[in-house]
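Take a look at the structure below. The briefing that follows goes through it topic by topic.

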Amino acid sequence: MTTSLRAADVLARRLFDAGCRHAFGMPGGEVLTLVDALEKAGITFHLAKHENCAGFMGEGVYHADGAPAILVATLGPGALNGVNVVANAHQDRVPMLVLTGCVDADEAETYTHQVLDQQAVFRPITKASFRLDAGAAEVIADKAVSIASEARQGPVHIDVPISVAETPATERNIRRAPASATAPAGEALAQARLWLSESKRPIAVVGLDALQENTGPALTCFLETFQIPFVTTYKAKGILPEDHPLCLGGAGLSPLADRHLLPLIEASDLILTLGYDPIEMRTGWRNAWDVTQQRVIDISPEANTHYMHQAGINIIASLSHSLTALSEDQTAGDTWAGGEIAKTKSALTLAFPNTDEWGPAGVIAEARAVLPETTLASADSGAHRILLSQMWSCSEPRALIQSSGLCTMGCAVPLAMGRKLAQPDRPVISFSGDAGFLMVAGELATARELEIAPIFLVFVDASLALIELKQRQRQLTNAGVDFAHHDFAAMGRAFGGNGFTVRNRAELRVALEEAQASDRFTVIAAEIERGGYDGRI
């Protein structure tokens with residue numbers, strides 16, 4: 001049975017069918033029909049204080065429920081305010097529907113106020129950009145959902161003209177069947193199986209694509225069967241519990257960790273990159289192995305056009321299906337007979353100890369010790385994120401979320417808010433540097449309005465710590481990296497939450513315990529000395 005609806009309703013109902021239950025943004029008159037349609041479809045619209053934060057809140061929800069995030073922005077400055085988070089979604093492979101209001105095409109010919117080519121703005125940072133049309137509303141909606149959700153995932157933009165949103169449209173239940181998962185075969189598979197059977201020192205690098213394919217069970221079976229130690233990218237942390245004896249932790253941003261991990265890569269006789277998307281990695285992992293001297297099997301949903309590394313065998317297929325095909329009729333043997341894996345794990349433990357009395361490592365260690373294992377965390381960009389991603393152990397996928405591709409500041413607070421909104425029964429904490437927190441402090445008002453109770457922990461050293469460290473390492477003059485101390489705890493109280501300033505582990509423990517018992521959000525300002533990251537990341 002067909003139903004006559006507005007074009008905005010057709011779009012909204014398709015998003016509801018895709019599992020979307022939350023949308024975030026700041027409306028203008030140009031998107032009021034769209035907001036109304038979302039609400040009527042069963043998707044709650046949440047008012048944020050800035051479109052950039054709205055998008056990160058949507059991403060936080062995505063990590064909880066798996067449905068595409070929804071960002072709603074009005075035309076002109078509203079749409080442009082969302083550019084950062086949309087670019088982040090593109091680099092971090094986050095499915096997101098970016099819905100922007102725009103004037104009608106005929107109106108734009110003689111009216112210029114706030115009018116610009118928004119599709120031209122968003123095309124380079126999205127997988128696709130559409131302009132909603134009433135006659136094709138359902139087709140556009142289905143294309144947008146499909147493109148955003150399929151590997152590699154990412155944002156899709158839809159410009160919604162004012163009058164088109166209100167134009168009657170027909171819902172015809174048009175759906176494109178999802179593509180079937182593929183498996184490797186033929187000569188490449190035979191060669192890969194031979195390499196696996198002959199390997200004595202294999203190592204795996206597991207990345208974001210494995211996380212998005214929900215490959216955890218198949219990956220666990222494969223790595224345990226063949227006793228293959230593995231490292232993960234930061235966003236893939238927890239795909240296997242990090243206390244697993246084969247797990248060597250996260251990699252990519254910490255030179256200190258790389259000093260222990262890259263020698264294993266160099267000593268390996270078989271490197272398996274399993275769903276490894278190198279967009280998270282830094283230059284130390286560019287050409288981290290010599291494909292002319294080492295056997296490398298790359299399993300990915302897309303062909304290698306990044307050239308961050310090369311492989312002897314490139315398999316473009318489902319990771320789960322590929323692991324099954326590789327394992328068939330294979331006999332596992334002993335690996336790393338010299339005890340290299342245990343030695344490396346011990347060295348990493350010594351490199352990132354949890355025994356510091358205070359400083360950034362002490363803050364992280366105390367938070368991990370006090371908060372339940374079920375805690376969900378988010379990390380902002382900065383020196384603390386590098387240290388946190390080494391020290392914060394994850395026992396499940398997406399237990400620590402962050403911006404790894406674009407590395408944008410100001411993401412941790414709204415990510416935690418979206419996560420807490422979607423999973424109110426789980427403890428949620430964000431870790432921010434003081435500069436990143438100041439970028440988004442206005443969203444504390446949103447946290448109070450949403451009646452959610454995440455914990456916002458701020459590392460306070462009145463400096464852009466990572467940039468200041470790089471500045472000193474290059475022996476440059478101190479400039480543009482220091483700022484004043486601010487009362488972050490008072491900010492929390494001013495916006496209707498709790499606020500604590502802590503200067504030692506005992507005070508932090510008390511603050512974390514009180515925060516967990518509260519029904520309001522809590523800001524914890526952990527004051528640390530400058531230079532606390534020296535030699536630690």
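Threonine 233 sits in strand β10, which covers residues 230-233. This is a predicted model, so every value here is computed from predicted atoms. Threonine 233 has a relative accessibility of 0%, so this residue counts as buried, the cut-off being under 20%.

**Around threonine 233**
- Leaving out residues up to four places away in sequence, threonine 233 touches Val206, Gly207 and Leu208.
- Threonine 233 also touches Ala251, Tyr276, Glu280 and Met281.

**Helices α16 and α17**
- Two packed helices are described by the angle between their axes and the distance between the axes.
- Helix α16 spans residues 359-370, and helix α17 spans residues 383-391.
- The two pack at an angle of about 45°, and their axes are 10 Å apart.
- That angle makes α16 oblique to α17.
- The crossing of α16 past α17 is right-handed.
- Which residues meet where α16 packs on α17? From α16 come Pro360, Ala361, Ile364 and Ala365. From α17 come His384, Leu387, Leu388 and Met391.
- By type, the residues of this contact between α16 and α17 split into 7 nonpolar, 1 polar and no charged.

**How covered is α17?**
- Helix α17 is mostly covered, with 9 of its 9 residues buried.
- Among the buried residues of α17 are Ala383, Arg385, Ile386, Ser389 and Gln390.
- His384, Leu387, Leu388 and Met391 of α17 are buried, and these residues meet α16.

**Helix α21 and the loop after it**
- In α21, the residues Ala465, Leu466, Glu468, Leu469 and Gln471 are buried.
- Helix α17 is included in what covers the buried residues of α21.
- Glutamine 475 follows α21. Its place is in the loop between α21 (465-473) and α22 (488-494).
- The phi of glutamine 475 is near 55°, which is a positive value in a residue other than glycine.
- Is glutamine 475 buried or exposed? Glutamine 475 is exposed, with a relative accessible area of 73%.

**Helix α3**
- Helix α3 covers residues 51-65, a run of 15 residues.
- At 1.5 Å a residue, α3 should span 21 Å. The C-alpha atoms at its ends are 21 Å apart, so the expected span agrees.
- In α3, 13 of the 15 residues are buried, so the rest of the structure largely encloses this helix.
- Glycine 66 comes just after α3 and takes a positive phi of about 80°.

**Backbone features in two other loops**
- Where is glutamine 114? Glutamine 114 lies in the loop between α6 (105-108) and α7 (118-122).
- Glutamine 114 has a phi near 60°, again a positive value in a residue other than glycine.
- Glutamine 114 is partly exposed, with a relative accessible area of 34%.
- Which residues does a cis peptide bond join? The bond links alanine 151 and arginine 152, and its omega is about -20°.
- Arginine 152 belongs to the loop between α8 (137-149) and β7 (155-161).

Notes:
Residues numbered from 1 in each chain as written. Predicted model: local features only at pLDDT ≥ 70, side-chain atom pairs only at ≥ 80, totals over all residues. Heavy atoms only, no water. Axes fitted to C-alpha atoms, helices over the stretch in contact; angles between N-to-C directions. Helix = DSSP H or I, 4+ residues; strand = E, 2+ residues; numbered from the N terminus. Parallel < 35°, antiparallel > 145°, perpendicular 65-115°, else oblique. Left-handed = near helix turned anticlockwise from the far one by under 90°. Contact = heavy atoms within 4.5 Å. Nonpolar A, V, L, I, M, F, W, Y, C, P; charged D, E, K, R; others polar. Expected span 1.5 Å × (residues − 1). Buried < 20%, exposed > 50% of the residue type's maximum accessible area, 1.4 Å probe, protein only.
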